[in-house]
Amino acid sequence: MTDQLRLMAVHAHPDDESSKGAATMAKYVSEGVDVLVVTCTGGERGSILNPKLQGDKYIEEHIHEVRKKEMDEAREILGVGQEWLGFVDSGLPEGDPLPPLPEGCFALEDVDKAAGELVRKIRSFRPQVITTYDENGGYPHPDHIMTHKISMVAFEGAADTEKYPEGEFGPAWQPQKLYYNQGFNRPRTEALHHAMLERGLESPYGDWLKRWKEFERVERTLTTHIPCADFFEIRDKALIAHATQIDPDGGWFKVPMELQKEVWPTEEYELAKSLVDTSLPEDDLFAGIRDNA
């Protein structure tokens with residue numbers, strides 16, 4: 001039945017799909033599930049975070065094209081489909097007080113109108129399951145928060161032919177489940193941190209844990225743990241494909257792969273909406289759907 005199962009992952013920027021739930025997607029692809037990443041913006045205002053590429057004039061002047069090529073490479077590595085919503089990156093405002101968001105950016109779009117573009121994708125692809133961000137965006141980037149907002153509206157709106165008429169947006173479709181990515185959770189971070197220290201290794205998570213409250217990260221309910229350790233290497237390869245954003249010698253890769261697989265071999269989600277019966281905790285995003293596909 002897996003050829004009838006479809007998973008849509010809605011993300012704010014290119015690279016988010018590789019840092020949040022990538023191993024899960026690769027696992028489902030390997031099982032024959034059809035997986036589509038929808039990327040809301042082009043990441044045009046993203047900083048060049050890889051110190052090895054900072055100061056490169058070509059990248060600075062062609063960041064949109066460069067990030068699109070990086071996305072193409074990551075998509076091939078993960079084996080997923082990928083489509084753009086076409087909105088403009090809002091950037092991450094910094095300062096006190098924060099500066100206003102740039103005119104025309106994603107975060108300033110009308111929510112219902114922007115959700116309509118996602119409704120088109122949902123009705124065309126017809127996913128049973130959608131993953132997105134929680135109301136805090138996973139972290140408070142304006143594009144992540146906006147991604148949450150339009151995902152919630154589109155989950156309901158895909159079946160609402162009065163709000164989004166079929167003649168304009170395509171035949172109605174009702175997804176069955178919606179999840180929040182919760183891969184950056186405290187239990188995982190603490191488990192890997194202590195495992196590193198126990199082995200006499202330097203942990204990259206010490207400062208994270210000290211500053212957890214500063215990050216304004218509230219404890220979430222982890223309802224769903226997807227076993228996907230066999231796909232961690234694919235996840236990392238896809239992440240490295242986003243070369244402007246990821247330093248292959250940086251903190252993302254300080255925890256040895258075998259330790260990760262031993263200590264925390266899953267990726268976590270929070271079930272936010274379900275129109276099917278399921279028992280928690282889950283180990284499958286399609287729990288309650290698979291038998292009826």
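Tutor: Let's begin with a term: a residue is called buried when its relative accessible area is under 20%, exposed when it is over 50%, and partly exposed in between. Keep in mind, too, that this is a predicted model.

Student: Thanks! Is His141 buried or exposed by that rule?

Tutor: His141 has a relative accessible area of 6%, so it is buried. You will find His141 in the loop between strand 4 (129-132) and helix 6 (142-157).

Student: What does the side chain of His141 reach?

Tutor: The side chain of His141 reaches the backbone nitrogen of Asp143, at 3.0 Å. If we set aside the neighbours within four places in sequence, His141 is also in contact with His13, Asp89, Gly91 and Leu92.

Student: Could we step back to the whole chain? How many helices and strands does the chain have?

Tutor: The chain has eleven helices and seven strands. Its C-alpha trace spans about 60 × 45 × 35 Å along the principal axes.

Student: How should I read the radius of gyration of the chain?

Tutor: The idea is to set the value beside what a compact globule with as many residues would have. For 293 residues that would be near 19 Å, and the chain has 19 Å, so the two agree.

Student: What share of the residues is buried?

Tutor: Buried residues make up 50% of the 293 residues in the chain. The accessible surface comes to about 13800 Å², and 50% of that surface belongs to carbon and sulfur atoms.

Student: And how do contacts link parts of the sequence that lie apart?

Tutor: Here we look at contacts with a separation of 6 or more: 80% of them in this chain are between residues 24 or more positions apart.

Student: How far apart are the mean positions of the positive and negative charges?

Tutor: The chain has 32 positive and 54 negative charges, and their mean positions are 1 Å apart.

Student: Let's turn to the backbone. What is the general pattern for phi and for peptide bonds?

Tutor: Most residues other than glycine have a negative phi, and most peptide bonds are trans. Now for the cases here. Asp15 has a positive phi, near 105°, and Arg126 has a positive phi near 60°.

Student: Where do Asp15 and Arg126 lie?

Tutor: Asp15 is in the loop between strand 1 (6-11) and helix 1 (16-19), and Arg126 is in the loop between helix 5 (111-125) and strand 4. With 12% relative accessibility Asp15 counts as buried, while Arg126, at 39%, counts as partly exposed.

Student: Which peptide bond is cis?

Tutor: One case is the bond from Leu280 to Pro281, with omega near 0°. Pro281 lies in the segment after strand 7 (266-274). Its relative accessibility is 64%, so Pro281 counts as exposed. Pro281 and Ile63 are 218 residues apart in sequence, and their C-alpha atoms are 41 Å apart in space.

Student: Is Phe286, in the segment after strand 7, buried or exposed?

Tutor: Phe286 has 0% relative accessibility and therefore counts as buried. Beyond the neighbours within four places in sequence, its contacts are Leu5, Arg6, Leu7, Tyr28, Val33, Gln128, Val129 and Lys177. The C-alpha atoms of Phe286 and Leu275, eleven residues apart along the chain, are separated by 12 Å.

Student: How do I compare distance along the chain with distance in space?

Tutor: Put the two numbers side by side. Pro227 and Thr266 are 39 residues apart along the chain, and their C-alpha atoms are separated by 4.4 Å. Pro227 sits in strand 6 (residues 224-227) and, at 42% relative accessibility, counts as partly exposed. Neighbours within four places aside, Pro227 is in contact with Lys27, Pro265, Thr266 and Asp283.

Student: Last one: which residues of helix 10 are buried?

Tutor: Helix 10 covers residues 232-241, and its buried residues are Phe232, Arg235, Asp236, Ala238, Leu239 and Ala241. To see what surrounds them, follow the packing: these buried residues pack against helix 1, helix 2 (22-30), helix 4 (63-78), helix 11 (257-263) and strand 7.

Technical notes
Residues are numbered from 1 along each chain as its sequence is written. This is a predicted model: local features need pLDDT of at least 70, side-chain atom pairs count only at pLDDT 80 or more; totals for chains, interfaces and linings use all residues. Side-chain values use heavy atoms; hydrogens and water are left out. Helices (H or I, at least four residues) and strands (E, at least two) are DSSP runs, numbered from the N terminus. Buried means under 20% relative accessible area, exposed over 50%, partly exposed in between (1.4 Å probe, protein chains only). A polar contact is a pair of N or O atoms within 3.5 Å; within protein, one must be able to donate a hydrogen and the other to accept it, and residues adjacent in sequence count only if both atoms are side-chain atoms. Contact means heavy atoms within 4.5 Å. The radius of gyration is taken over C-alpha atoms; the globule rule is 2.2 Å times the number of residues to the power 0.38. Accessible areas come from the Shrake-Rupley method with a 1.4 Å probe; for residues, only the protein chains shown count as cover. Lys and Arg count as positive and Asp and Glu as negative; His and the chain ends are not counted. The place of a charge is taken as NZ of Lys, CZ of Arg, CG of Asp or CD of Glu.
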